[in-house]
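Hello,

Here is the structure I promised to pass on. Please open it first, then read my notes below.

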Number of protein chains: 2
Amino acid sequence: MSTTILKGLRVIEFLAHAKEPKGISELAREIEMNKSAVQRVVSTLSNAGYVEQAPGTSKYRLTLSIWELGSHVVDRHQARRLLHPILRFGAQSTGFTVFLSYLSFPFVVYLDKVEGAHGRSHTAEPGSRIPITLTAAGKAVLAFLPDEKLQGLDQDHSDWTGYVNFAATPLEALREEIETIRERRYAVSEGGMKQGVNSIAAPIWWREHQPYGSIVVTADQVNLSPERFSEIGARVVGMAEEATLALGGVPFPPL
Amino acid sequence: MSTTILKGLRVIEFLAHAKEPKGISELAREIEMNKSAVQRVVSTLSNAGYVEQAPGTSKYRLTLSIWELGSHVVDRHQARRLLHPILRFGAQSTGFTVFLSYLSFPFVVYLDKVEGAHGRSHTAEPGSRIPITLTAAGKAVLAFLPDEKLQGLDQDHSDWTGYVNFAATPLEALREEIETIRERRYAVSEGGMKQGVNSIAAPIWWREHQPYGSIVVTADQVNLSPERFSEIGARVVGMAEEATLALGGVPFPPL
DNA sequence: AGTGATTGTATCGTATTGTGATACATAGCG
DNA sequence: CGCTATGTATCACAATACGATACAATCACT
């Protein structure tokens with residue numbers, strides 16, 4: 001197994017998440033690698049066009065090459081293509097912003113998004129991953145996962161500031177909310193994603209009883225007020241059922 | 001310089017552009033690598049979660065991990081953030097789909113896109129790169145490049161079927177069109193991107209006289225008919241000037 | 001301006017790691 | 001059923017990545 005490739009990936013991953021360009025020594029320190037190794041990796045990536053020096057400095061950052069590759073991958077992605085029309089229709093008919101998310105265990109990743117007419121309450125972007133315990137998108141899936149998976153859930157999300165920590169709520173309340181979600185088949189989050197933004201999500205299945213992800217509807221609390229939760233919730237569940245159907249999936253537990 | 005990392009990138013790049021999942025031997029053949037090397041690289045990437053086997057087969061394809069990384073990079077990309085509102089406004093006020101492209105020498109890459117109300121004449125997606133000689137997006141930039149850059153331009157784009165090959169037109173006509181583009185400051189393409197789809201593009205600058213890319217307006221030939229070219233062309237030039245301003249650029253040649 | 005610490009980059013002997021020919025079992029196909 | 005092509009495993013060899021060290025440039029203080 002090629003350790004050098006793993007080092008390359010470590011560097012790329014780190015730079016992808018870094019807010020600012022990083023220097024060699026800085027990198028070496030933060031990802032625990034030998035300075036020489038980092039230097040070699042970075043100069044290789046730089047020659048290949050994946051990394052560049054920020055103009056004026058000697059610090060490095062990723063170019064858009066990685067993004068180019070990634071967009072080709074997602075363009076061809078089956079599930080996304082199949083479900084996009086559903087999002088589009090949902091956004092148009094409700095006026096809200098609609099997301100598609102997929103489960104990537106203890107996270108959900110937003111895979112697609114169609115903005116509604118009700119303004120853009122600047123929320124998540126496709127590609128971002130969030131612990132399943134923190135938003136409606138995740139809770140909708142979490143509620144249907146087998147018990148043993150829930151046990152090992154990391155309770156500590158202190159670095160995800162600005163999110164309501166669902167798992168950190170007392171175990172009693174958690175079980176209770178899971179039960180509620182299972183019954184009405186959608187999850188709700190008030191200000192979970194961002195202050196003043198509400199969202200409702202319902203799970204999607206594929207294969208036999210395999211949780212795939214969720215359909216999420218989001219808007220600020222004025223447009224998506226608690227009074228409308230059950231009305232919109234029903235529509236989200238409907239969209240999620242369509243999505244499950246499109247993927248040829250079978251829901252669990254059966255209705 | 002780490003050759004192993006380069007091999008890893010070769011595999012990733014190839015898989016990113018491959019339409020179907022690829023087997024080990026297949027890969028080894030097509031990217032001219034030793035089978036053992038490919039096997040080692042692929043299993044490393046697979047362990048790291050960047051590659052997976054298509055269910056039921058033993059062929060490999062990329063997961064969405066690369067895409068996740070890439071989306072973080074583009075989310076933070078300065079120019080894109082700055083210019084997005086311009087695209088949004090353009091799309092809303094004209095009803096056409098508006099693109100932002102950047103120059104990556106002999107190509108332009110679509111960096112952003114906002115769809116207009118006039119239906120989606122399913123064209124390019126952000127992330128795709130196209131030779132500058134083939135579309136309005138490219139020609140708008142090409143026309144202002146220094147002469148020596150134009151000399152070495154690859155004339156053979158036979159693999160880009162469905163595109164009108166601008167560079168393949170007789171040199172006379174080419175020089176003439178470049179002159180026209182320089183004068184009115186926008187480039188036009190009828191059916192260049194796709195049969196029945198027209199587009200108009202104007203160049204953007206940054207720094208001192210550095211060509212950055214272009215603003216492109218696209219629609220099917222019914223909505224964007226040749227009679228409207230000069231009217232819409234003026235608006236595209238206006239948008240591009242705003243964009244140049246937003247980037248703090250200086251146009252060349254001066255108006 | 002001067003000093004000291006930190007940084008990016010270059011060097012080099014060593015041994016770890018990737019190499020690639022070979023082998024084998026399995027899957028696919030006529 | 002037999003053939004070919006494929007994915008995976010093995011192994012001795014040598015190329016390659018390693019990492020301590022060195023040096024010059026830059027930066028941050030005083």
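**Aromatic pairs**

A:Tyr212 has a relative accessibility of 7%, so this residue counts as buried. Its ring partner is A:Trp206. The two rings meet edge-to-face, 4.9 Å centre to centre, with 70 degrees between the planes. A:Trp206 is partly exposed, because its relative accessibility is 31% and that class runs from 20% to 50%. Please keep in mind that this is a predicted model.

Chain B has a pair to look at as well: B:Phe99 and B:Tyr110. This one is tilted. The ring centres are 5.0 Å apart, and the planes make an angle of 50 degrees. B:Phe99 sits in strand 3 (residues 97-104) of chain B and B:Tyr110 in strand 4 of chain B, so the pair ties together parts eleven residues apart in sequence. Both B:Phe99 and B:Tyr110 are buried. Over all chains, the structure holds six aromatic pairs.

**A buried arginine**

Next, go to B:Arg80. This residue is in helix 5 (residues 78-94) of chain B. Is B:Arg80 buried or exposed? It is buried: its relative accessible area is 19%, and the cut-off for buried is under 20%. What does B:Arg80 touch, leaving out residues up to four places away in sequence? The answer is B:Val74, B:Leu100, B:Leu111 and B:Asp112.

**Where chain B meets chain A**

Now the interface. Chain A and chain B each put 51 residues into the contact. Together they bury about 4,300 Å², and 66% of that is on carbon and sulfur atoms. On the side of chain B, B:Ile5, B:Leu64 and B:Trp67 lose the most area to chain A. Together these three make up 16% of what that side buries.

There are polar links too. Between the chains I count four salt bridges. One of them joins A:Glu115 to B:Arg88, with the closest N and O atoms 3.1 Å apart. Residue pairs in polar contact between chain B and chain A number 16, with both residues at pLDDT 80 or more.

Which parts of chain B supply at least two residues each to the side that touches chain A? They are helix 1 (3-17), helix 3 (35-47), helix 4 (65-75) and strand 4 (107-114). By class, that side of chain B has 25 nonpolar, 14 polar and twelve charged residues.

Strand 4 of chain B thus appears twice in these notes: it holds B:Tyr110, and it supplies residues to the side that touches chain A.

Best wishes

Definitions and conventions
Residues numbered from 1 in each chain as written. Chains lettered and ligands numbered in written order. Predicted model: local features only at pLDDT ≥ 70, side-chain atom pairs only at ≥ 80, totals over all residues. Heavy atoms only, no water. Contact = heavy atoms within 4.5 Å. Buried area = accessible area lost by both parts, 1.4 Å probe. Salt bridge = Lys/Arg side-chain N within 4 Å of Asp/Glu carboxyl O. Polar contact = N/O pair within 3.5 Å; in protein donor to acceptor, adjacent residues only side chain to side chain. Helix = DSSP H or I, 4+ residues; strand = E, 2+ residues; numbered from the N terminus. Nonpolar A, V, L, I, M, F, W, Y, C, P; charged D, E, K, R; others polar. Phe/Tyr/Trp six-rings, centres within 6.5 Å; stacked < 30°, edge-to-face > 60°. Buried < 20%, exposed > 50% of the residue type's maximum accessible area, 1.4 Å probe, protein only.
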